[in-house]
Amino acid sequence: MTCASETDDIEMSNRTITTEATACRSRQPQKATIEAMIVGNSSDPASARALVRDRTETIRGSITTISSEQLQTVEIRVDEVDDLFGPETDADYRAEETFAVRCHPEQLGALVTEITDAGGTVQRVEFGLQPATRQQLQDDALEAALERAREQAERIAATEGLRLSRVHSVSTLPAKSSNNNADFADELLVDAGRKQLTPTPIEVAERVEVIYQIVDG
């Protein structure tokens, strides 16, 4: 898929034309990461930790559509409950285990449902591309940006009775790539039972500045 947002900017001096162009390419997400949390409260830290570990193992056992390597613990912490700022509980200690589930985007709806049904709380969902796919999109976007830069430079040169000679320099500039899936993630977390939601494509952008030498036409 080719995204529609392409921009260019041209500056002309006596013997050069400087063209700035941006192009982007996009692809549906190929992977997703669900970050979730499980909580356990108890009167002593060891018991709180044991409780939260037991609940996490329950979640591991309930999810049968992914391998054990796809669910990994990110952090385990045990804190003393603060009566003023802490959660509303009579327990003295609160244990939290944060874990990440890596999956294909099509599995999201079912996995979120399984996690929440087992007592977990989903914190966020992130989408991504495989490294080879991202690299290919970057290469394609760069090629398109260079082509657009040259087309625009040739057009401007022709209006002045000039023509392009050779490329003096090419520089890559920061370009904003986007992953417009925040709304999708929020909607998924609100309504975990909908399994047919489709995330929006991830965009990869490349921006270049090209200086061309020009000669009389």
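**Exercises on a predicted model**

In α3, the buried residues (under 20% relative accessible area, 1.4 Å probe, protein chains only) are Thr 133, Leu 137, Ala 141, Ala 144, Ala 145, Ala 149, Gln 152, Ala 153 and Ala 157. This is a predicted model, where local features need pLDDT of at least 70, side-chain atom pairs count only at pLDDT 80 or more, and totals for chains, interfaces and linings use all residues. Residues are numbered from 1 along each chain as its sequence is written, and side-chain values use heavy atoms, with hydrogens and water left out.

**Exercise 1.** Find what span helix α3 should have, and how far apart its end C-alpha atoms are.

*Solution.*
- Helices are DSSP runs (H or I, at least four residues), numbered from the N terminus.
- α3 holds 29 residues, 131-159.
- The rule is 1.5 Å times one less than the number of residues.
- The expected span is therefore 42 Å.
- The end C-alpha atoms lie 43 Å apart, which agrees.
- After α3 comes Gly 161, with a positive phi near 70°.

**Exercise 2.** List the buried residues of helix α2.

*Solution.*
- α2 covers residues 108-117.
- Its buried residues are Leu 108, Gly 109, Leu 111, Val 112, Thr 113 and Ile 115.
- Just after α2, Gly 119 has a positive phi of about 100°.

**Exercise 3.** Determine whether Val 167 is buried, partly exposed or exposed.

*Solution.*
- Exposed means over 50% relative accessible area; partly exposed lies between that and the buried limit.
- Val 167 has a relative accessible area of 35%, so Val 167 is partly exposed.
- Val 167 sits in strand β7, residues 162-173; strands are DSSP runs of E, at least two residues.
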